[in-house]
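Work through the three exercises below with the structure open. Try each task before reading its solution.

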Amino acid sequence: MSFKGLKPISYGGREVWPLVEGGKGVSATNHMSSGAWAAAGGIGTVSAVNADSYDPEGKIIPQVYQALTRKERHLELIQYGIDGAVEQVKRAYDVSNGKGAININILWEMGGAQPILEGILERTKGLITGVTCGAGMPYKLAEIAQRFNVYYLPIVSSARAFRALWKRSYSKVADLLGAVVYEDPWLAGGHNGLSNAEDPRKPEDPYPRVKALRDTMRAEGVPDSVPIVMAGGVWFLREWDNWIDNPELGQIAFQFGTRPLLTEESPIPMGWKDALRDIEPGDVLLHKFSPTGFYSSAVRNPFLRSLEGRSERQVPYSKVAAGEHTVQLDVGVRGKNFWVTPADLNRARAWFGAGFTEGLRTPDDTIIFVSPAERAVIKQDQSDCMGCLSHCGFSSWKDHDDYTTGRLADPRSFCIQKTLQDIAHGGPIDENLMFAGHAAYRFKQDPFYSNNFTPTVKELVDRILTGD
């Protein structure tokens, strides 16, 4: 028996549990985890964000970029992305053994999203049931899904976002709308859709937001049988019992992104898994350091703290004396056209004396102070850019037209491709971005994980189905 009589739903021509594995890139969700999730009767999700490929011996092929220009490296990245995801999908389908369903997840704001998605679907016909897509407004998702006859599952954080997508595009391909994923911006891990109208410090109850989403879907003629997938903060189903079989909400499914990280099949390194067991409430930070420009949530480890420190060592400046900017900055910069307040001059001198001797300009007419070693890493990473985003604040890359955002590269951010590749493949967890949802502290509290127990995916799904 499943919790509260939780019933399977029809998806892709078969019955599956309304339990979705959240796709996590880079390489934090792969064929092993997603195939096993599908084999357990749910919807497994292969992350198609720069997924791993393998050599003839089964070893992961490092994604090394040989080309000299960013545009050429971007083309290398697209090919890596297609080849890796195709390999992962084929393997996941085999692992699923004909059960459940296999989706792929892409970020619309990743570099080359459209050619990568089209390349994957062209080479995996009959293997993928649906495409989950967020991080941006993927208007073209429906027409691509229609061309390859797969479902599409847009990720939104508000009814307003869904209405915009529906009016402009999705209403023309209504029959392939597989589900709408509501990703709670205050609870979910990774990037989210927090808008300027919402306060990152004031979480909102997801229930009225999901009800508003369902009301919008109904108003547009979307039947209640099309699920809304609740994503973010989901741990025990018993905590969501008033969502199940609730006529106000229609069909509801639940996405689990954080819990599947700690399974036998999870591909993340052991150091990352061990760290999850020690997370305390408040250790996951909703921040805006990502080069995407979106808010995202990650563990507040030394890597994230260093970014916080970088932004705290920041002063605004003018190119001429104006207003309160009455003194010239005399540390960390070359030239005399940096006018600051007397108080900020004293702060800058203190940072300089503490070893943060290098001043770097930002696009917002401020200067941050970093160490010489930090400056060298920032400059090298910006130089090595391979175009992993459609628009990158850190390197000022853009994946179309003239290939530049036209803005000054922002040293307050970081190379997201570099750090996610590194942590996923065994790099130091304290020196890299470690995504996690805000419920990750529950690993330490949940007796299911006591005595360092690590479940298989099947054991986890079975446990979830009990309500726990």
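The exercises use a predicted model.

**Exercise 1.** Place Tyr207 in its helix, decide whether Tyr207 is buried or exposed, and find its contacts.

Solution.
1. Locate the residue. Tyr207 belongs to helix H6, which spans residues 206–219.
2. Check the accessible area. The relative value for Tyr207 is 16%. The cut-off for buried is under 20%, so Tyr207 is buried.
3. List the contacts beyond four places in sequence. They are Asn242, Trp243, Asn246, Glu248 and Leu249.
4. Take one of them, Trp243. It is 36 residues from Tyr207 in sequence, yet the C-alpha atoms are 8.3 Å apart.
5. Look for a polar contact. The side chains of Tyr207 and Glu248 make one, at 2.5 Å.

**Exercise 2.** Work out the strand order of the open sheet that contains S9, S12 and S13.

Solution.
1. Read the order. The three strands run S9-S13-S12, with antiparallel pairing.
2. Find the edges. Strands S9 (190–191) and S12 (284–287) each pair on one side only.
3. Examine one pairing. S12 and S13 (residues 296–299) are antiparallel and share four bridges.
4. Pick a bridge. Leu285 is partnered by Ala298 in S13.

**Exercise 3.** Describe the surroundings of Thr258.

Solution.
1. Place the residue. Thr258 sits in the loop between strand S11 (252–256) and helix H7 (270–276).
2. Check the accessible area. At 14% relative accessible area, Thr258 is buried.
3. List the contacts, leaving out residues up to four places away in sequence. Thr258 touches Trp235, Ala436, Gly437, Ala440 and Phe443.
4. Look at Gly437. Its backbone nitrogen lies 3.0 Å from a polar side-chain atom of Thr258.

Key. Residues numbered from 1 in each chain as written. Predicted model: local features only at pLDDT ≥ 70, side-chain atom pairs only at ≥ 80, totals over all residues. Heavy atoms only, no water. Helix = DSSP H or I, 4+ residues; strand = E, 2+ residues; numbered from the N terminus. Buried < 20%, exposed > 50% of the residue type's maximum accessible area, 1.4 Å probe, protein only. Contact = heavy atoms within 4.5 Å. Polar contact = N/O pair within 3.5 Å; in protein donor to acceptor, adjacent residues only side chain to side chain. Pairing = 2+ DSSP bridges.
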